[in-house]
Amino acid sequence: DCVTLSLLPRLVWSDSKKKEYNNKLENLFSGYTEVKGIESKGSFIIDCIGRAAGRSGVPVSGRDYQKFASKKPWFDGDCSRLRDRSFALLNSHRRNGSGIIKQFYLAVNKTYKLCCERKEREFYLGVGERLDKAVSSKEYWAIVSTFKNKSLFIDSHIEGSAWFEHFKSLLNPATAVGAVSYARPLVEIESLDKPFEIEELRCVLNKAKENKAPGPDQIPYEFFKGMNDDCLYILLNFFNEIFVAGVAPRSFGQS
């Protein structure tokens with residue numbers, strides 16, 4: 001679904017306005033670590049900026065963007081209870097900023113993650129045993145369907161001759177070895193292969209022109225340039241995650 005976002009209001013970047021904006025943004029960014037996936041993190045950052053700048057009706061809770069493991073076959077009541085308790089403590093900490101509650105949250109969240117890892121490990125280690133005990137084909141394939149790739153491609157327009165040529169080349173590979181192409185050795189430049197640094201991010205933002213039309217997210221450059229260091233480090237971590245994963249959000253391909 002396509003959602004049209006409202007253009008963020010133009011701000012007079014006085015010291016007080018900048019401080020107010022960054023205080024709101026820091027508070028909203030506190031849920032960043034709970035969000036999983038490049039796409040979700042990108043949406044989360046954009047929505048946090050929108051809310052901090054005054055855009056209404058934008059959900060910013062990390063839970064809204066978390067693709068929970070509850071869809072996984074190993075996710076049971078123990079995982080669910082620990083997850084709910086973890087988020088209850090996190091929300092309580094966000095409301096009152098208590099250091100004691102934060103420590104409780106970190107401990108429960110760690111227990112929750114360990115529980116999920118243990119449940120997942122136990123589930124997949126027991127797959128073979130469950131397959132051996134399956135008493136019917138229906139039960140057997142029900143177990144297989146919990147972990148097999150369900151992405152299938154079916155095309156009824158493929159002609160028989162195409163199938164013949166496909167399996168002919170597959171079952172009768174060519175024995176002749178063709179010419180070996182020369183490839184230059186891979187040249188690694190440490191300065192280009194290392195993660196981005198905060199100075200590089202500041203340099204790029206400083207070069208960005210102001211009073212320009214924003215992209216589909218409707219956020220002008222000023223709202224990125226107005227971030228303090230704490231907020232910029234969240235942005236930096238996001239870009240480094242993209243760099244390491246080698247995958248960018250789909251929105252990066254839009255203009």
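This tour moves from the whole chain to a few residues that can be selected one after another in the viewer.

Start with the entire chain, shown as a cartoon, and keep in mind that this is a predicted model. The protein chain has 12 helices and zero strands, and buried residues make up 29% of its 255 residues. Among the contacts with a separation of 6 or more, 63% are between residues 24 or more positions apart. If you switch on a surface, its accessible area comes to about 18200 Å², and 56% of that belongs to carbon and sulfur atoms.

Next, select Lys 41, which has its place in helix H2, spanning residues 38-53. Is Lys 41 buried or exposed? Lys 41 is buried, because its relative accessible area is 11%, and the cut-off for that word is under 20%. Now add Glu 241 to the selection and display both side chains, which are joined by a polar contact of 2.6 Å. Leaving aside residues up to four places away in sequence, Lys 41 touches Tyr 32, Val 35, Lys 36 and Phe 238 as well as Glu 241.

From here the tour turns to charged pairs. Side chains of opposite charge can pair when their charged atoms come close. The structure holds 12 salt bridges, and the following stops visit some of them.

Select Glu 20 and Lys 24, whose side chains meet in a salt bridge with an N to O distance of 3.4 Å. Both residues lie in helix H1 (residues 15-29), where they are four residues apart, about one turn of the helix. Glu 20 counts as partly exposed at 38% relative accessibility, and Lys 24 is partly exposed too, with a relative accessible area of 39%.

Then move to Asp 78 and Lys 119, where the side chains form a salt bridge of 3.1 Å, N to O. Asp 78 lies in helix H4 (residues 77-96) and Lys 119 in helix H5 (residues 99-125), so this pair ties together parts that are 41 residues apart in sequence. Asp 78 is partly exposed at 35%, whereas Lys 119 is buried, with a relative accessible area of 14%.

Stay in helix H5 and select Glu 122 with Arg 118, which form a salt bridge whose closest N and O atoms are 3.6 Å apart. These two residues are separated by about one helical turn, because they are four residues apart in helix H5. Glu 122 is partly exposed at 44% relative accessibility, and Arg 118 is partly exposed at 35%. As a last selection, show Asp 76, Asp 78, Arg 81 and Lys 119 together, since salt bridges that share partners join them into one network.

Note on methods. Residues numbered from 1 in each chain as written. Predicted model: local features only at pLDDT ≥ 70, side-chain atom pairs only at ≥ 80, totals over all residues. Heavy atoms only, no water. Buried < 20%, exposed > 50% of the residue type's maximum accessible area, 1.4 Å probe, protein only. Polar contact = N/O pair within 3.5 Å; in protein donor to acceptor, adjacent residues only side chain to side chain. Contact = heavy atoms within 4.5 Å. Areas by Shrake-Rupley, 256 points an atom, 1.4 Å probe, with all protein chains shown as cover. Salt bridge = Lys/Arg side-chain N within 4 Å of Asp/Glu carboxyl O.
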